Each structure stands twice: as C-alpha cells, then as structure tokens.
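Hi,

Here is the structure I promised to pass on. Have a look at it first, and then read my notes below.

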Amino acid sequence: MAGMSPLFRRAPARPPQDRLVTLIGKPDCHLCDDAQRVVERVCAQAGVPWVWKDITQDPRLHDQYWEQIPVVLVDGAQHTFWRVNEDRLRKALTE
C-alpha cells in the first residue's frame, strides 16, 4: 500500500470509543422509539457510545430538526432521519 495513491487509501477506522451516535427526537414519538431500539442495538454491538437529545428541551435543535425527527447523527454529521436502517448505521460505524 505504500506506493498507492493517497486518493485510494482508506483512512484507518476510528476506535469505537472515539465515535458518537446522537439520536435527536422527542418523547411520545413512535418513530423515535423505533429509532432508539435500532441505535441501542447497533451501538451495543459496535461498542459505540450514543446519546439522546430531546428537541423539546433545546430550541436550537427544535428549529433545526423538528420536521425530520428522529434524526441520527454519527460523529456530529447527519446520518439519517425518520427511519433508521440498522445495516446502514452498522456500516457507518465500522468504516
């Protein structure tokens, strides 16, 4: 790989404990409950920490995401919204 162009080299995977999944939602939201189950399962399997953020408690998050909840961020970047695909999230956390 030493002679391979940097363009084609993959960055080394980050250790799981250095990753973070953020689930943004609100209470009494069935899509948020479904998303939480997927996030909990995938993060537990991958050893990645995750946090829950409630848009009803954070005006900035409410303004930014209220039409999209639940929203999943991976390392601070939006990964998905509404429905969380377990395989896609797992792949994002292992690359």
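**Salt bridges, and what they tie together**

Let me start with a side chain: D34 has a relative accessibility of 29%, so it counts as partly exposed. Before I go on, please keep in mind that this is a predicted model.

D34 has a charged partner in R37, and the closest N and O atoms of this salt bridge are 2.5 Å apart. Both residues sit in helix α1 (residues 30–46), with 3 residues from one to the other, about one turn of the helix. R37 is partly exposed too, with a relative accessible area of 45%.

Further along there is R41, which forms a salt bridge with E86; here the closest N and O atoms are 3.1 Å apart. That pair links distant parts of the chain, since R41 belongs to helix α1 and E86 to helix α3 (residues 86–94), 45 residues apart. R41 is partly exposed at a relative accessible area of 38%, and E86 is partly exposed at 24% relative accessibility.

Then look within α3 itself. The side chains of D87 and R90 meet in a salt bridge of 3.3 Å, N to O. Like the pair in α1, these two can be described by their spacing: D87 and R90 are 3 residues apart in helix α3, about one turn of the helix. D87 is exposed, because its relative accessible area of 55% is over the 50% cut-off. R90, at 26% relative accessibility, counts as partly exposed. R41, E86, D87 and R90 are joined into one network by salt bridges that share partners. Over the whole model, the count comes to 7 salt bridges.

**How the two helices meet**

What angle do α1 and α3 make where they pack? The angle is about 35°, and the axes are 10 Å apart. The crossing of α1 past α3 is right-handed. If you want to click through the contact, the residues on the α1 side are V38, V39, R41, V42, C43, Q45 and A46, and they meet E86, L89, R90 and L93 in α3. R41 and E86, the salt-bridge pair from above, are both among the residues of this contact.

**The sheet**

Stepping back, the chain has 3 helices and 4 strands. Read from the N terminus, the elements run β-α-β-α-β-β-α. The 4 strands make an open sheet in the order β2-β1-β3-β4, and the pairing is mixed. At the edges are β2 (50–54) and β4, each of which pairs on one side only. From one strand to the next, the twist averages 25°.

Now for β3 (residues 71–74) and β4 (residues 77–81): these strands run antiparallel and are joined by 4 bridges. V71 stands opposite F81, and V72 has T80 as its bridge partner. The two strands form a hairpin with 2 residues between them, and in the turn D75 has a positive phi of about 55°.

Helix α3 turns up again here: α3 lies across β1, β3 and β4, and runs at about 165° to β4.

**A glycine in β1**

Is G25 buried or exposed? G25, which is found in strand β1 (residues 21–25), is buried, because its relative accessible area of 0% is under the 20% cut-off. Leaving out residues up to four places away in sequence, G25 touches C32, W52, K53, D54, I55 and I69. As for A35, it is 10 residues from G25 in sequence and 9.1 Å away in space, C-alpha to C-alpha.

**The chain as a whole**

Finally, some overall values. Of the 95 residues in the chain, 32% are buried. The chain exposes about 6300 Å², and carbon and sulfur atoms supply 53% of that area. Taking contacts between residues at least 6 apart in sequence, 65% of them join residues at least 24 apart.

If you open the model with only one thing in mind, I'd suggest the α1 and α3 contact, where the R41 and E86 salt bridge links distant parts of the chain.

Cheers

Technical notes: Residues are numbered from 1 along each chain as its sequence is written. This is a predicted model: local features need pLDDT of at least 70, side-chain atom pairs count only at pLDDT 80 or more; totals for chains, interfaces and linings use all residues. Side-chain values use heavy atoms; hydrogens and water are left out. Two strands pair if DSSP finds at least two bridges between them. Buried means under 20% relative accessible area, exposed over 50%, partly exposed in between (1.4 Å probe, protein chains only). Contact means heavy atoms within 4.5 Å. Accessible areas come from the Shrake-Rupley method with a 1.4 Å probe; for residues, only the protein chains shown count as cover. A salt bridge is a side-chain nitrogen of Lys or Arg within 4 Å of a carboxyl oxygen of Asp or Glu. Axes are lines fitted to C-alpha atoms, for helices over the stretch in contact, and angles run from 0 to 180 degrees between N-to-C directions. A crossing is left-handed if the near helix is turned anticlockwise from the far one by less than a right angle, and right-handed if clockwise.
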